[in-house]
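Visitor: I am new to this structure and would be grateful for a close look at a single part of it. Please choose one place in the chain, describe its surroundings, and then continue from there to the elements around it.

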Amino acid sequence: MKIEGNNEYPFFYKYHKQSYIKSHDCRPIVTVSEKQRKYILENDIKKELVVYHIDGELIDNQSIDKCDYGIYTEENHLILVELKGSDYNHACKQLASTINYIKDEDISISQFFARIVLSKGRTPATLTSEEAKLKKLLKNEKLLKSSSLQMKEKLSDLNCKI
């Protein structure tokens with residue numbers, strides 16, 4: 001295993017309790033799901049990935065908005081995933097709050113990716129204030145993606161966009 005508790009992997013160094021780690025390996029497909037909503041990451045470049053359950057586990061403070069899952073990569077990237085009913089604006093707020101929480105913990109992440117999977121389509125398709133805040137935090141609006149019911153992407157595609 002490459003990802004271990006040292007300064008090269010600051011997020012894992014800070015958060016390495018087995019109680020909130022769902023998996024830590026090089027599996028070819030990583031899936032996180034809730035009800036009908038599903039995010040699928042194809043590990044086509046065979047990288048080591050650590051999957052975290054964030055809401056209620058890694059961040060257990062009920063007064064903090066947070067996303068559902070995080071996938072940490074060898075490149076010190078963090079893919080944050082929110083599986084939501086239909087409230088896109090609240091999902092953006094949860095992702096932004098999670099990013100700010102990590103930054104407030106003084107953890108250096110090379111790149112954040114934000115993913116929202118809704119059970120219902122997003123309407124209307126106008127820019128919300130929470131979405132604008134999240135895009136500003138990400139520093140690149142292409143790092144935010146949303147989908148209905150299921151989102152599937154390749155890890156190699158994420159690495160190309162940086």
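Guide: In this predicted model, Leu58 touches Phe11, Tyr15, Tyr20, Tyr52 and His53, when residues up to four places away in sequence are not counted. Leu58 itself belongs to the loop between β4 (49–53) and β5 (69–73). Its relative accessibility is 9%, so Leu58 counts as buried, the limit for that term being under 20%. Asp44 precedes Leu58 by 14 residues along the chain, yet 27 Å separates the two C-alpha atoms.

The two strands that flank this loop lead to a sheet. Six strands make up this open sheet, in the order β1-β4-β5-β6-β7-β8, and their pairing is mixed. At the edges stand β1 (21–25) and β8; each has a single partner strand, so one side of each is left without a neighbour in the sheet. Direction ignored, neighbouring strands here are turned by 15 degrees against each other on average. The strand β1 runs antiparallel to β4, and four bridges join the two. Within that pairing, Asp25 has Leu49 in β4 as its bridge partner.

Helices also belong to the surroundings of this sheet. Helix α2 lies across β6, β7 and β8, and its direction makes about 150 degrees with that of β6. Helix α3 packs on the sheet as well, where it touches β7 and β8 and runs at about 150 degrees to β7.

Helix α2 merits a description of its own. It consists of 17 residues, 88–104, and reaches 24 Å from its first C-alpha to its last, which is close to the 24 Å expected at 1.5 Å a residue. Its buried residues are Tyr88, Ala91, Cys92, Gln94, Leu95, Ala96, Ser97, Thr98, Ile99 and Ile102. These buried residues pack against three strands, namely β6 (77–84), β7 (111–118) and β8 (144–148), and against two helices, α1 (10–14) and α3 (129–138). Just after the helix, Asp106 takes a positive phi of about 60 degrees.

One residue of this helix may be examined individually. Gln94 lies in α2 and has a relative accessible area of 6%, so it is buried. Leaving aside residues up to four places away in sequence, Gln94 touches Asp65, Lys66, Cys67, Glu82 and Lys84. Between Gln94 and Asp68 there are 8.8 Å in space, C-alpha to C-alpha, although the two are 26 residues apart in sequence.

The relation of the two helices comes next. Two packed helices are described by the angle between their axes and the distance between the axes. For α2 and α3, the axes come within 8 Å and cross at roughly 35 degrees. This crossing of α2 and α3 is left-handed. From α2, the residues taking part are Tyr88, Asn89, Cys92, Lys93, Leu95, Ala96, Ile99, Asn100 and Lys103; in α3 they meet Ser129, Glu130, Glu131, Leu134, Leu137 and Leu138. The residues of this contact of α2 with α3 divide into eight nonpolar, three polar and four charged.

There remains another sheet to describe. Strands of a sheet pair through backbone hydrogen bonds, either parallel or antiparallel. Three strands form this open sheet, which has the order β2-β3-β9 and mixed pairing. Its edges are β2 (29–34) and β9 (150–154), each with a single partner strand, so one side of each is left without a neighbour in the sheet. From one strand to the next, the twist averages 10 degrees.

Within this sheet, β2 and β3 (residues 37–42) run antiparallel and are joined by six bridges. Glu34 stands opposite Arg37 in β3, while Ile29 has Glu42 of β3 as its bridge partner. Two residues lie between the strands in the hairpin of β2 and β3, where Lys35 takes a positive phi near 50 degrees. By contrast, β3 and β9 run parallel, with five bridges joining them. In that pairing, Ile40 stands opposite Lys152 in β9.

To return to the starting point, Leu58 is in the loop between β4 and β5, two strands that also have their places in the six-stranded open sheet.

Conventions:
Residues are numbered from 1 along each chain as its sequence is written. This is a predicted model: local features need pLDDT of at least 70, side-chain atom pairs count only at pLDDT 80 or more; totals for chains, interfaces and linings use all residues. Side-chain values use heavy atoms; hydrogens and water are left out. The expected span of a helix is 1.5 Å times one less than its number of residues. Buried means under 20% relative accessible area, exposed over 50%, partly exposed in between (1.4 Å probe, protein chains only). Contact means heavy atoms within 4.5 Å. Axes are lines fitted to C-alpha atoms, for helices over the stretch in contact, and angles run from 0 to 180 degrees between N-to-C directions. A crossing is left-handed if the near helix is turned anticlockwise from the far one by less than a right angle, and right-handed if clockwise. Ala, Val, Leu, Ile, Met, Phe, Trp, Tyr, Cys and Pro count as nonpolar, Asp, Glu, Lys and Arg as charged, and the others, Gly among them, as polar. Two strands pair if DSSP finds at least two bridges between them.
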